[in-house]
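This report goes through selected parts of one protein chain, shown below. Keep the structure open while reading and find each part as it is named.

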Amino acid sequence: MNILSESDYEALELHITENGLSYVEAKEINREKGNYTYRITAQGAAIYEFTLAPDGDQWEIVSASISDLVKNRHKEAFSLKLAESIKELIVSYSYEELYPLLASTGYTEDTIETFTAFMRQNTPYKNTVSLIRNDENDRLGYDILFKNSLFGHMGVSVNSDKSWYFNAFSMNSALVDSYIAYLADEKANGILSMVKSLDSESLYPILVLNGYPDGYPERFALLLNSIDSIENATCSRIENSDPAVRNYLISTHDKRIVSFSLSSVQSNKSKSWEISSFEMPVWVPFEGTITAPACFTVTVDGKTLSAADEVARTVPQNLDKYLIANVPDMVTVVTYSVSSPFTPLEINAVSEDGRQGTLTKTSDSNYQFSLPRCDEQYADELHDFLVDFAETFGLFTLNDAPYNIMLNFVDRNSSAYDYVYKGDYYWTKDHYEDKTSFANFRAENFVSLSDQIIACDVKYEMTVVYHRGDTVETYYPAYRVYLRNTTGKWMIFSFNTLSDG
C-alpha cells in the first residue's frame with residue numbers, strides 16, 4: 001500500500017542520499033486504540049513518521065509522513081533544479097521550450113515567432129546569468145540576473161499530489177515594456193511589407209476602415225503601383241509621450257506614403273495593438289471642373305455627368321445672334337463640378353451624332369472639351385478664299401479697299417455685312433498704299449457647327465509703311481471667323497477679334 005506520495009519518496013530518497021542513515025532510531029511516540037505510531041530519526045533529526053494497525057496476526061502501515069525538514073530540503077533542491085533548467089533554456093536559446101513557460105504579456109500578437117525574434121536580441125550570455133532565491137508569498141521563486149540586473153523571475157508551486165512543478169516565468173517590467181514595444185514595431189513592419197510588396201488587397205480594407213471611400217480597389221492598386229521607388233520605402237517611428245499609442249511613417253527619400261498609429265486596446269484579459277489611424281498623403285481626392293459645349297454628353301470613368309453636376313452655363317460675349325438662335329448647343333458652354341476619390345482616368349465627351357470632343361487639360365484639376373476639328377475637310381477648300389478675305393479686310397481697315405470688294409466675302413444678311421458697311425476707318429494715318437504687305441497666313445481650328453455653319457481661326461501678319469519718317473509697323477490680326485453655306489457657296493456672316501498680336 002502506497003502511503004507516501006511520489007514527491008515524498010523523492011524527498012526521502014534525496015535526504016537519505018545526502019545524509020545517509022547513521023544514528024538511525026525508531027521510537028514509539030503514540031499508542032491509541034491498538035495503533036502504534038513511531039518516529040524515525042537520523043543524527044537526532046526526525047525524518048519519518050508512520051502508524052501501524054493490527055490486521056489479524058499482521059501489522060499494516062495505515063499512515064505515514066515525512067518531516068518538514070525533509071520536505072523543505074527537497075523543495076529547495078527541486079526548485080533550484082527547476083530554476084537551473086529554465087536558466088539553461090534561456091541561455092541556450094531553447095525558445096520553443098521556453099515560450100510555453102513564459103507568463104503571457106497579454107498581447108494577442110505574442111506568438112512564438114515574435115517571441116523568438118525578440119529573445120534573440122535580448123537573451124544574455126550564459127556566463128553572465130545568475131540565480132537568486134526570491135520567494136513570493138508561499139511560492140518559491142528565483143530572480144534571474146543578467147550582469148546584476150533583473151532579467152526575469154520564476155516561481156515553483158506544489159500540485160495537489162504534493163509534487164513540485166515550475167509555475168511561471170515573467171520578464172522584468174523594463175523587458176516587458178521593451179517586448180510590448182517590439183510587438184508594435186513588428187506590426188508596423190508588417191504594414192511596411194504590405195506597402196513594399198504592393199499588397200493592395202491587404203492595405204485597401206485598412207484604408208476603408210479608416211474613412212477612405214469603398215468601391216475603388218482597382219484604382220487604389222494603380223495608385224500604389226505608380227509610386228516611384230516604393231520598393232525602397234522605410235518605416236520610422238514618430239516619438240510621442242503616450243506609451244499606449246505609437247506613431248509611424250512609411251516613406252521614400254522624397255515622398256510620404258503612409259502615416260499611421262497603433263493603439264493598445266484591452267479585450268477581456270488580453271491586449272492588442274490596433275490601427276487607430278491610417279492616412280496616405282499620396283492619395284489625394286480629385287476636386288475639379290470639366291467644361292464642354294452643351295451638345296456633348298460627358299462621362300467620367302464611365303459615369304455620365306448630369307444636370308445635378310452642372311455649376312454654370314455660359315455663352316461667349318459678343319457672339320452672333322444667328323449662332324445663338326441656330327446652334328445654341330454648339331456655342332453654349334457647360335461647366336461641371338467633379339468630385340472623385342481619384343483623379344479621373346478616362347474623360348469622354350460625345351455628341352449626339354457620335355463626334356468625340358477634343359480634350360485639353362488646363363490645370364491639374366480642370367479639363368476643357370472643344371468641338372472636334374475638321375481642318376482636313378475645309379482648310380484646303382477655303383484657304384484661298386480666307387487669304388483673300390484677310391488681305392482685303394486688312395487693306396479695308398487702311399481705307400485702301402472699297403466696300404464693293406469687301407462685300408464679296410460677307411453674307412448680305414449678317415452682322416459681318418453690317419460691320420463692313422457701317423465701319424468708319426478714316427482714323428488710318430497716311431501710309432504708302434503700295435508698300436503694305438502680308439505674311440505668315442494661317443487658317444486653323446476649323447469646327448463644324450452644323451451642315452451649313454463652320455468656324456475657324458484666321459491669323460496673319462500685316463506690315464504697313466507710314467509716310468512720316470518712313471515708319472514701319474507690323475500688326476498681327478487674329479479673328480474667329482464664322483461662315484455659312486446657304487447657296488452652295490461659303491460666305492462669312494460673323495467674325496470676332498481673337499487678339500491684337
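## A hairpin

Strands E3 and E4 form a hairpin, with two residues between them. One residue of the turn, Gly56, has a positive phi of about 70°. The model is a predicted one, and this angle, like the other values in this report, was computed from it.

E3 covers residues 45-55 and E4 covers residues 58-66. Their pairing is antiparallel and runs over eight bridges. Within the pair, Phe50 stands opposite Ala64 of E4. Strands of a sheet pair through backbone hydrogen bonds, in either the parallel or the antiparallel sense.

## Helix H1

Helix H1 spans residues 6-19, which makes 14 residues. From its first C-alpha to its last it reaches 20 Å, close to the 20 Å expected at 1.5 Å a residue. Just after H1 comes Gly20, whose phi is positive, near 70°.

Which residues of H1 are buried? They are Ser7, Asp8, Ala11, Leu12 and His15. Seen down the axis of H1, these buried residues fall within an arc of 135°, so they line one face of the helix. The face turned away from this buried side carries the exposed residues Glu6, Glu13 and Thr17. An α-helix has 3.6 residues a turn, so residues three or four places apart point the same way.

## A sheet of five strands

Five strands make an open sheet in the order E16-E17-E13-E20-E19, and their pairing is mixed. Strand E16 (310-314) and strand E19 (358-363) stand at the edges, each with a single partner strand, so one side of each has no neighbour in the sheet. On average, neighbouring strands of this sheet are turned by 20° against each other, direction ignored.

One pair in this sheet can be followed in detail. Strand E13 (residues 286-293) pairs with strand E20 (residues 366-370) in the parallel sense, over three bridges. The bridge partner of Ile290 in E20 is Tyr367.

After E20 the chain enters the loop between E20 and H10, where Pro372 is found. Pro372 is buried, because its relative accessible area is 15% and buried means under 20%. Pro372 and Val350 are 22 residues apart in sequence, and their C-alpha atoms are 9.9 Å apart in space.

## A sheet of three strands

Another open sheet has three strands in the order E15-E14-E18, with antiparallel pairing. Its edge strands are E15 (303-304) and E18 (347-351), and each of them pairs on one side only.

Strand E14 (residues 296-300) and E15 run antiparallel and are joined by two bridges. In this pair, Thr299 stands opposite Thr304 of E15.

## The largest pocket

How many residues line the largest pocket? The lining has 25 residues, of which Pro316, Val333, Ser370, Arg480 and Tyr482 lie nearest the centre of the pocket. The volume of this pocket is about 630 Å³.

Several elements each supply at least two residues of the lining. Among them are E13 and E20, which pair with each other in the five-stranded sheet. Helix H9 (328-331) is another, as are the strands E21 (437-448), E22 (453-465), E24 (478-485) and E25 (490-499). Rolling a probe the size of a water molecule over the atoms shows where empty space is left.

## Three residues in loops

Asn399 lies in the loop between helix H10 (375-397) and helix H11 (403-406). Its phi is positive, about 65°, although Asn399 is not a glycine. The relative accessibility of Asn399 is 38%, so this residue counts as partly exposed.

Asp470 is found in the loop between E22 and strand E23 (472-475). Asp470 also is not a glycine, and its phi is positive, near 50°. At 44% relative accessibility, Asp470 counts as partly exposed.

Is Asp411, in the loop between H11 and helix H12 (415-422), buried or exposed? Asp411 counts as buried, because its relative accessibility is 13%. Along the chain, Asp411 and Trp490 are 79 residues apart, while their C-alpha atoms are separated by 8.8 Å.

Key
Residues numbered from 1 in each chain as written. Predicted model: local features only at pLDDT ≥ 70, side-chain atom pairs only at ≥ 80, totals over all residues. Heavy atoms only, no water. Pairing = 2+ DSSP bridges. Helix = DSSP H or I, 4+ residues; strand = E, 2+ residues; numbered from the N terminus. Axes fitted to C-alpha atoms, helices over the stretch in contact; angles between N-to-C directions. Expected span 1.5 Å × (residues − 1). Buried < 20%, exposed > 50% of the residue type's maximum accessible area, 1.4 Å probe, protein only. Arc of directions from axis to C-beta. 1 Å grid on protein atoms, 1.4 Å probe; cavity = no way out; pocket = protein on both sides within 12 Å on 5 of 7 lines; lining within 4 Å. Points joined across faces, edges and corners; volume = space filled by probe spheres on them.
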